[in-house]
Amino acid sequence: MTDTPIDWRLDALCADSNPDLWFPEPGQWGKPQQFALDQCKACPVREICLENLIQQETGEGGSHGTGGGLTAKERAEMIRVRSREAESEDSTPLHPDVAGG
Ligand code: SF4
């Protein structure tokens with residue numbers, strides 16, 4: 001078995017770090033957030049982490065903390081963009097050749 005959620009978390013650079021650095025109290029952003037973003041940048045599992053977070057945060061939960069190399073605000077924007085793109089693809093009329101026209 002490869003790349004199960006448990007497997008990739010074993011390689012996470014944040015695994016042994018203080019979670020407060022990734023999820024600081026409101027008003028405590030700044031140095032902790034920059035430290036977390038720098039760690040994420042160097043993290044070998046950043047891409048799978050980001051996709052996992054995007055999946056978790058799509059819907060009602062919303063985005064919180066730093067993760068996957070992005071701030072919560074950046075991930076929320078990524079979710080909005082992907083959602084708009086998905087809606088746009090759903091509403092794009094089929095090409096006449098495909099639609100039988
Ligand atoms: S990308 Fe960042 S939040 Fe994700 S596992 Fe790596 S260090 Fe942790």
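Leaving aside neighbours within four places in sequence, G62 is in contact with E57 and A76, a contact being a pair of residues whose C-beta atoms, placed from the backbone, lie within 7 Å. This glycine sits in the loop between α3 and α4, where helices (H or I, at least four residues) and strands (E, at least two) are DSSP runs numbered from the N terminus. G62 is classed as exposed because 11 other C-beta atoms lie within 10 Å; a residue is buried if 20 or more other C-beta atoms lie within 10 Å of its own, exposed if 12 or fewer, and partly exposed in between, with C-beta atoms placed from the backbone. Across the sequence, G62 and I79 are 17 residues apart, and their C-alpha atoms are 9.5 Å apart in space.

The structure is a predicted model, in which local features need pLDDT of at least 70 and side-chain atom pairs count only at pLDDT 80 or more, while totals for chains, interfaces and linings use all residues. Residues are numbered from 1 along each chain as its sequence is written. The average pLDDT, which is the predictor's confidence in each residue on a scale from 0 to 100, is 86 for the protein, and 86% of the residues score at least 70. Among the elements, α3 has the highest mean pLDDT, 95, and helix α5 (residues 96-99) the lowest, 63. Where pLDDT is low, the predicted coordinates should not be read in detail.

The protein has 5 helices and 0 strands, and from the N terminus on its elements run α-α-α-α-α. Of its 101 residues, 13% are buried, and among contacts with a separation of 6 or more, 47% join residues 24 or more positions apart.

Two of the helices can be checked against an expected span, defined as 1.5 Å times one less than the number of residues. For the 12 residues of α3 this gives 16 Å, and the end C-alpha atoms are 16 Å apart, which agrees; α3 is followed by G59, whose phi is positive, near 120°. For helix α4 (residues 72-91), with 20 residues, the expected span is 28 Å and the end C-alpha atoms are 29 Å apart, which also agrees. Only 1 of the 20 residues of α4 is buried, so this helix lies largely in the open.

The largest nonpolar core has 6 residues, A36, C40, C43, V45, C49 and L53, where such a core is a set of buried Ala, Val, Leu, Ile, Met, Phe, Trp, Tyr and Cys residues joined through C-beta atoms within 7 Å. The elements that give two or more residues to this core are α2 (31-42) and α3 (46-57). One of the core residues, A36, touches L21, W22 and T66, not counting residues up to four places away in sequence.

T66 is also a contact of Q33, which touches P24 and T71 as well, with residues up to four places away again left out. Q33 lies in helix α2 and is partly exposed, because 18 other C-beta atoms lie within 10 Å. Q33 and T66 are 33 residues apart in sequence, yet their C-alpha atoms are 6.8 Å apart in space.

Around the ligand are A12, L13, C14, Q39, C40, C43, V45, R46, C49, G67, G68 and G69, a residue being near a molecule or strand if its C-beta atom, placed from the backbone, lies within 6 Å of it. The elements that give two or more residues to this shell are α2 and α3. By class, the shell has 7 nonpolar, 4 polar and 1 charged residues, with Ala, Val, Leu, Ile, Met, Phe, Trp, Tyr, Cys and Pro counted as nonpolar, Asp, Glu, Lys and Arg as charged, and the others, Gly among them, as polar.

Key
Contact = placed C-beta atoms within 7 Å.
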